[in-house]
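This report examines one protein chain, with attention to its ionic contacts, its backbone geometry and its surface. The sequence and the structure come first.

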Amino acid sequence: MKYILLILLFAINGYSQHTERLKVLVENVERDSVQKDTSFLKNGNINYLEEKSFYTFEDIIIETYSGETKVFYTNGITARHDMQDEFGHWLWSKYYNRKGILTKEWVVTKIDTRAKSLKDFFSSRNHLDSEKMIKHYHYSKKSDELYTYKIEYLTSIDGVNGGKVDFLNEKGQILRTKILKQRKPKRD
């Protein structure tokens with residue numbers, strides 16, 4: 001029941017990570033189709049589940065990954081579980097070890113665009129700005145549970161990456177904070 005409610009809220013309000021500028025730019029864009037795909041390993045277990053969205057813009061077919069993606073280890077345990085919006089922008093992701101224990105998760109808290117037109121929007125991803133939070137987990141033998149040992153707060157604004165990293169103890173107290181130098185990513 002919770003999942004149905006979440007889907008309805010997304011359908012009504014869109015994604016909370018999206019800024020008004022992004023929502024306005026794409027409000028009249030409609031998908032042509034959605035295709036779900038499943039890939040299997042040699043042992044018969046599922047390798048991955050994914051979804052793709054297709055759009056037609058100025059007589060060009062645009063294809064992007066969207067929706068839920070799951071990647072599995074050969075033993076059938078989930079290795080990664082992701083969610084992307086209908087345009088292929090990452091919303092969140094969870095990573096698991098081979099025993100199925102959560103090791104890292106991240107969520108994009110803000111997605112914005114500097115695109116002035118849909119042509120700019122569909123032609124590249126260089127117009128995107130975002131804020132993301134990544135939590136890293138360790139297992140504590142003392143408490144017999146996972147705890148967050150590192151939280152990254154990352155930004156990508158106008159092509160410049162930056163942010164900070166908090167390192168925590170098992171009680172959730174910040175031990176130290178590292179400010180990341182702002183830098184432009186290397187392009188191929």
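In this predicted model, lysine 164 and aspartate 166 join their side chains in a salt bridge, at 3.9 Å from N to O. Because buried means under 20% relative accessible area, aspartate 166 is classed as buried at 4%. Lysine 164, with a relative accessible area of 32%, is partly exposed.

**Salt bridges**

The lysine 164 contact belongs to a broader set: the structure holds 9 salt bridges. Three pairs are set out below, with the N to O distance and the relative accessible area of each partner.

| Pair | N to O distance | Relative accessible area, basic partner | Relative accessible area, acidic partner |
|---|---|---|---|
| Arginine 21 and aspartate 112 | 2.4 Å | arginine 21: 45% | aspartate 112: 9% |
| Lysine 52 and glutamate 63 | 2.9 Å | lysine 52: 18% | glutamate 63: 46% |
| Lysine 164 and aspartate 166 | 3.9 Å | lysine 164: 32% | aspartate 166: 4% |

Which parts of the chain does the pair of aspartate 112 and arginine 21 tie together? The side chains of these two residues meet in a salt bridge of 2.4 Å. Aspartate 112 belongs to strand 6 and arginine 21 to helix 2 (residues 20-26), so the contact ties together parts that are 91 residues apart in sequence. Aspartate 112 is buried at a relative accessible area of 9%, whereas arginine 21 is partly exposed at 45%.

In the bridge between lysine 52 and glutamate 63, the N to O distance is 2.9 Å. This pair links distant parts of the chain, with lysine 52 in strand 2 and glutamate 63 in strand 3, 11 residues apart. Here the lysine is buried, with a relative accessible area of 18%, and the glutamate counts as partly exposed at 46%.

Arg31, Lys36 and Glu51 are linked in a network of salt bridges. Arginine 31, a member of that network, can also be placed relative to glutamate 63: the two residues are 32 apart in sequence, and their C-alpha atoms are 9.9 Å apart in space.

**Overall architecture**

The chain contains 3 helices and 10 strands. In sequence order, the pattern reads α-α-β-β-β-β-β-β-α-β-β-β-β. The C-alpha trace spans about 60 × 45 × 40 Å along its principal axes. Of the 188 residues of the chain, 35% count as buried.

**Backbone at two aspartates**

Most residues other than glycine have a negative phi. Where in the chain does aspartate 59, with a phi near 65°, depart from this? Aspartate 59 sits in the loop between strand 2 (46-57) and strand 3 (60-72). The residue is exposed, with a relative accessible area of 79%.

Aspartate 158 also has a positive phi, of about 55°, although it is not a glycine. Its place is in the loop between strand 8 and strand 9. With a relative accessible area of 48%, aspartate 158 is partly exposed.

**The second largest pocket**

Rolling a probe the size of a water molecule over the atoms shows where empty space is left. In this model, the second largest pocket holds about 580 Å³ of space. Its lining has 23 residues, and the closest to the pocket centre are Leu128, Asp129, Ser130, Lys132 and Ser156.

Which strands each supply at least two residues of this lining? They are strand 6 (102-113), strand 7 (128-140), strand 8 (145-157) and strand 9 (160-168). Strand 7 gives the most, with 5 residues. By residue class, the lining divides into 7 nonpolar, 9 polar and 7 charged residues.

**A nonpolar surface patch**

On the surface, Ile101, Tyr139 and Leu146 form a nonpolar patch, with about 250 Å² of accessible area together. Isoleucine 101 lies in the loop between strand 5 (90-96) and strand 6. Its relative accessible area is 34%, and isoleucine 101 is therefore partly exposed.

How values were computed
Residues numbered from 1 in each chain as written. Predicted model: local features only at pLDDT ≥ 70, side-chain atom pairs only at ≥ 80, totals over all residues. Heavy atoms only, no water. 1 Å grid on protein atoms, 1.4 Å probe; cavity = no way out; pocket = protein on both sides within 12 Å on 5 of 7 lines; lining within 4 Å. Points joined across faces, edges and corners; volume = space filled by probe spheres on them. Helix = DSSP H or I, 4+ residues; strand = E, 2+ residues; numbered from the N terminus. Nonpolar A, V, L, I, M, F, W, Y, C, P; charged D, E, K, R; others polar. Patch = residues over 30% accessible without salt bridge, like charges linked within 9 Å, V, L, I, M, F, W, Y side chains within 5 Å. Areas by Shrake-Rupley, 256 points an atom, 1.4 Å probe, with all protein chains shown as cover. Buried < 20%, exposed > 50% of the residue type's maximum accessible area, 1.4 Å probe, protein only.
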